[in-house]
Amino acid sequence: MEHTVSYLVLIPLLPLLGALVLGVMHMATCKGRPLPEKIYSILACAGPVLACILALKVYFGLRLLPEEARYLVQDVFTWIHVGDLNVSMGFFADPLSSLMLLFVTFIGTLIHIYSIGYMAKDENFGKFFAYLNLFLGSMLILVLGNGPVVMFVGWEGVGLCSYLLISYYSQDTNNVLAGNKAFIVNRIGDLGFVLGMSLLFWAIGAGGFDYMSLRANAPQITPAIGLAVCLLLFVGATGKSAQIPLYVWLPDAMAGPTPVSALIHAATMVTAGVYMVARFSFLYVEVPLAGSIVAWIGILTALLAATFGCFQRDIKKILAYSTVSQLGYMFAGVGVAAYSAGIFHVFTHAFFKALLFLGAGSVIYAMHHEQDIWKMGGLKEKMPITYATMLVGALALAGCPLFSGFFSKDEILFSALASGHVGIWFVGLLVAVMTAYYTFRMFFVVFHGKPRDQHAFEAAHEPPRVMTVPLIILAVGALFAGYLNIPSIFGGNLQVSHWLAPSLAEHHPHVSIWIEIIAVLTSIMAFAGGIYIAWKRFGVVEAEEPFYTGMANFAYNKFFVDELYHYLIVVPYKFFGQTIWKSIEPYVTDGPVKIAVWLYGALANAFKVVQVGYVRVYAIYMVIGLSVLSIMISRSLNL
Amino acid sequence: MFENILSVMIFLPIVAGFGVLILPVKKEAARAIGLVSAILVVILGIKVFFNFTGTSGLEFAINIPWFESVGVSYNLGVDGISLLVLMAGSCLFPMAYLLLKTKSKGYYANLMIAQGAMIGAICAADMILFYIFWEIMLLPVFFMIGLYGGPNRLPATLKITLYTIAGSLFMLAAIVYVGVAYHAQTGVWSFDIAQLTALNLSGKAATAAFVFFMLAFAIKIPLFPFHTWLPDAYTEAPTAATFLLSAIMAKIGVYAVIRFVLPVFAEDFARYAIVLAYSGVIGMMYCGIAAIAQKDFKRMLAFSSASHMGIIALGVFCMNVQALTGTLYQIVAHATSTGALFLLIGIIEERMETRNIEDLGGIAYKAPIFAVFFAVAMLASVGLPGTSGFIGEFLIILGAVKFNMAIGVLAGTTLIIGVCYMLWMFQRVFFEKSNARTEGFRDLTAIETLTILPLVILILFMGIYPQPFLDKVTPAALKQVASVSAVQQQLADNTVPVVEQTQEKN
């Protein structure tokens, strides 16, 4: 039983316990004098740090095992056992989950530390960290769960935390609405997940509903059911990972505190969908059609979000759309069956996107909660550390050669091309140009040029060290994470892909070196083209806010998709509710009851007519009755 | 004393209730008596739970002939089907006495009598005995709504009473038919449910009796479209009566379907299950969508409760062990979550003197403990994993997908419909800005906190570690399903495409 270990459960449990302790402490003291922030800070970081250490232990534990049997399991207790359904509260670590574990806990820890500075003097300091710990615990359940049902616990758990943290500043109605939107849209996706999971169970779940049994039984699934399961699960992924048509919640989710945007809405939770598709790669491999649909949805989402990203003016919205766009890339990767490329992009993206968000957080912090890039400018001198680290992040996001984002994005585009999805490759390339453009549009406007708001500029300053150190660490990650998976064309040997290989049902096609070269060269050109346009327009000192008209205005308003959903779904739904309540319920459903009551009354009234109240009339009734009775009796006796 | 434990649980509250009514006791004394009797029932209930072996068949059974000439007996017992319902009926009551204050002792007396009658209906293993308790349990509700309810209590009382009595009369006719049919087939009289299960009923009369039974239970549950008494009754009733109706009485309707209709009318049940299943999901969606239009949050919760009952009832009609177990589990899960919500809302009503959602706001800042408890109950109600609500709902949806894909998809929408109205209500009541009214909202006192805390812990425990409960329920559910699935198979073989199977192989 070398595969059975006893520490896996601790990884999610420690942050969850932290959440409980912090929550109870906060509840107990929130009406009196609050506890010092230091106590909360230490408790809040303890869970993530310990989880991170355990994640390393998992990684080294796996390394010791032979490649073909690299997994660790722990069954804590039988969770739901009804008939054929047997789900244990069990945890499962293999190369895929160990990679996810490493960066989730590592980045999670950094963001906890950063938040100590960012959230300082917040009156609900304890509550914030309780939520953050709860989120991390849920995410770790999602990653470590041994089967779809346990994964779903984390899946919904991160959705809940997302809701709690987006509506964190709940005095403002808009923030709460954004939280509601996130929860409800996620729930729409979850419906797909639950249905997919149920279908999967009835298809092949009777032999065990954990990944290993499912993988062993996967060949038995019929293609039709397989397709249905894959697509339904992907509906879940579109909700959680903000893809068309359910991406609308993520940009609004920026209402939460910035560290939350970094942790949840960039580095961890939103990648759950990609992880899920990679996790079920043994199913997706059986139905290539499902994969193609995933890839196309992904790349179209990437295009749409990049288009919006080019025209936003809120720094967090720009980053939010870039997240949606990059998630689209990841789905394009896993969709064309390049699961390791997709997951690798998840990995590098976690570093540079967390970095960019935290950098944006520093800027917002310095500018006293100003988020409009057209009110910033020239911050380069005022905030050198933020500037330098943001530059690394921006280069990585834009896909500058030698930065992490370049290697991972290039791997996806190359896989698309190699597997014959030329359309996806081409759109991907277009998106790469746009990515470089919007990233540096934001970067130049914020840090270069002249200060556009002199007063705020004067007051701007570098944030405290507790915030800058995580930035520097993340910048190192964003710079070097890509070197873990260097393709052979650059003399590497795809270490991460090899590490992930046992977890994924992936076939590496052998293609000509020229395709690889074409992919690399076009990627570099895309980056160069994008950054060149951005430099031309915004790198100059006098860059002014453009006045958007026509299509640009349309894109600035996100093609009015939100409004469309509002009028097509929300308004009719509420109207339907009103209609049921005001019209259908009283007249249709309750109608028969009312008619029955009325008929009863009418009958009573009809009988009332004969009750006139005069004795002589009753005497006549009696006479008539007696006569009829006598006639009947005499008849029956044959008299 | 184990032989009589169920009788004690039934008659202790009833006797105490009548005692309070007749003897000249004060209001506070009545409350204390109610609390003591409720706690004793809880202790006995827990005893039953832990001594229950789950080896199928009735346990703690007692069978005393009553009207021997027609085979009616005083026949009680607990099995896997009734165990969790019994737990809901016995363990939730102390809170009602602890949290709610009222004007009159009669209120508490009625509460006690209702509890005894409900436990009687749950434990009865004889149809006539069941019918008697079923009728008795309506009376306290009639008095509670009629005497202590809101301003529009009289029409609401009349509606619920007449509606349910009408259903009951149909049931009485059906019970008589079943008894006569048994006599015709075997030559002896019996209303013992274990005996009646052996009946092989078919033909028009049997179908009519099936419909009569279902009518009575559909009204009680309530199933769409027989739910129209519910919003008025739940809204106008005093909190304790709403709690009683939503948390326990509605569940007895579902329980009775599983106990009496499923085994006796297996053939008709299998044939019409699809119709009933649609009634369940449509009711769920209909009431859930109506909930969003409500301004009065008690009425909103009433619709929410009706919506959940639709999904709970659906689990019975899917005729597989996952769905049925899910229903039995959800009966308790929903009792705890909805019970907690109605009690908490009762507290808001008492303190703020309004039930209008628009008048509230910002309660979370004034009363964090209250808000957290409410949130946990709310999340259980929307079926979040980690709370009790998930286990049952998941099992029901899983079973529904097997039963019929369309039903499964519709049932799944409960995930979405629930959060829509709940979050919107939560936003307007707990978040946003507080106003002059909610500024003075007092958080839960120590006693109130300690009263509700066990419920919150139970909600979480049942979500994290449900297996001890499931273990006790599953064997009985398997047995109950086996009887009907044989018939279902037979029907399917006879080329009657009543039950569409999804195409996957198992």
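Which residues in helix 15 of chain A meet helix 17 of chain A? In this predicted model, the helix 15 side of the meeting is made by A:F352, A:L355, A:L356, A:G359, A:S362 and A:V363. Facing them from helix 17 are A:T386, A:T389, A:M390, A:V392, A:G393, A:A394, A:A396 and A:L397. Sorted by class, this contact has nine nonpolar, five polar and no charged residues. Helix 15 covers residues 339-366 and helix 17 covers residues 384-398, and their axes come within 9 Å, crossing at roughly 145 degrees. The crossing is left-handed.

A:A478 ties in with this pair of helices. Not counting residues up to four places away in sequence, A:A478 touches A:F351, A:F352 and A:L355, along with A:V392, A:G393, A:A396, A:F403 and A:S404. A:A478 and A:L355 also turn up among the residues with the most contacts inside the largest nonpolar core, a list that includes A:A354 as well. That core has 442 residues, and chain B is on the list too, with B:L84, B:A88, B:V261 and B:L344. As for where the core comes from, helix 12 of chain B (residues 239-264) gives the largest share, 19 residues.

Stepping back to chain A as a whole, there are 27 helices and two strands. The C-alpha trace spans about 125 × 65 × 55 Å along its principal axes. Of the 639 residues of chain A, 56% count as buried. Take the contacts in chain A between residues at least 6 apart in sequence: 82% of them join residues at least 24 apart.

Next comes the place where the two chains touch. Chain A and chain B each put 47 residues into the contact. On the chain A side, strand 1 (72-82), helix 5 (148-166), helix 6 (173-204) and helix 25 (561-589) each supply at least two residues. Helix 6 of chain A brings the largest share of that side, with 16 residues. The chain A side breaks down into 27 nonpolar, 14 polar and six charged residues.

Chain B has its own helix pair to look at. Helix 2 (residues 27-51) and helix 5 (residues 105-123) of chain B have axes that come within 8 Å and cross at roughly 20 degrees. Because of that angle, helix 2 of chain B counts as roughly parallel to helix 5 of chain B. The two pass each other in a left-handed crossing. From helix 2 of chain B, the residues involved are B:K27, B:A30, B:R31, B:G34, B:S37 and B:V41, and they meet B:K105, B:Y108, B:A109, B:L111, B:M112 and B:Q115 in helix 5 of chain B. By class, this contact has six nonpolar, three polar and three charged residues.

Helix 5 of chain B shows up again around helix 6 of chain B (residues 127-136). The buried residues of helix 6 of chain B are B:M127, B:I128, B:L129, B:F130, B:F133 and B:W134. They pack against strand 2 (72-78), helix 5, helix 8 (153-186), helix 9 (193-196) and helix 12 of chain B.

Helix 12 of chain B is also home to B:L262. Is B:L262 buried or exposed? B:L262 has 23 other C-beta atoms within 10 Å, so B:L262 is buried. Leaving aside neighbours within four places in sequence, B:L262 is in contact with B:V257, B:F269, B:V316, B:Q480 and B:V484. The C-alpha atoms of B:L262 and B:F210 are separated by 9.6 Å, with the two residues 52 apart along the chain.

Note on methods: Residues numbered from 1 in each chain as written. Chains lettered and ligands numbered in written order. Predicted model: local features only at pLDDT ≥ 70, side-chain atom pairs only at ≥ 80, totals over all residues. Axes fitted to C-alpha atoms, helices over the stretch in contact; angles between N-to-C directions. Helix = DSSP H or I, 4+ residues; strand = E, 2+ residues; numbered from the N terminus. Left-handed = near helix turned anticlockwise from the far one by under 90°. Contact = placed C-beta atoms within 7 Å. Nonpolar A, V, L, I, M, F, W, Y, C, P; charged D, E, K, R; others polar. Core = buried A, V, L, I, M, F, W, Y, C linked by C-beta atoms within 7 Å. Buried ≥ 20, exposed ≤ 12 C-beta atoms within 10 Å, placed from the backbone. Parallel < 35°, antiparallel > 145°, perpendicular 65-115°, else oblique.
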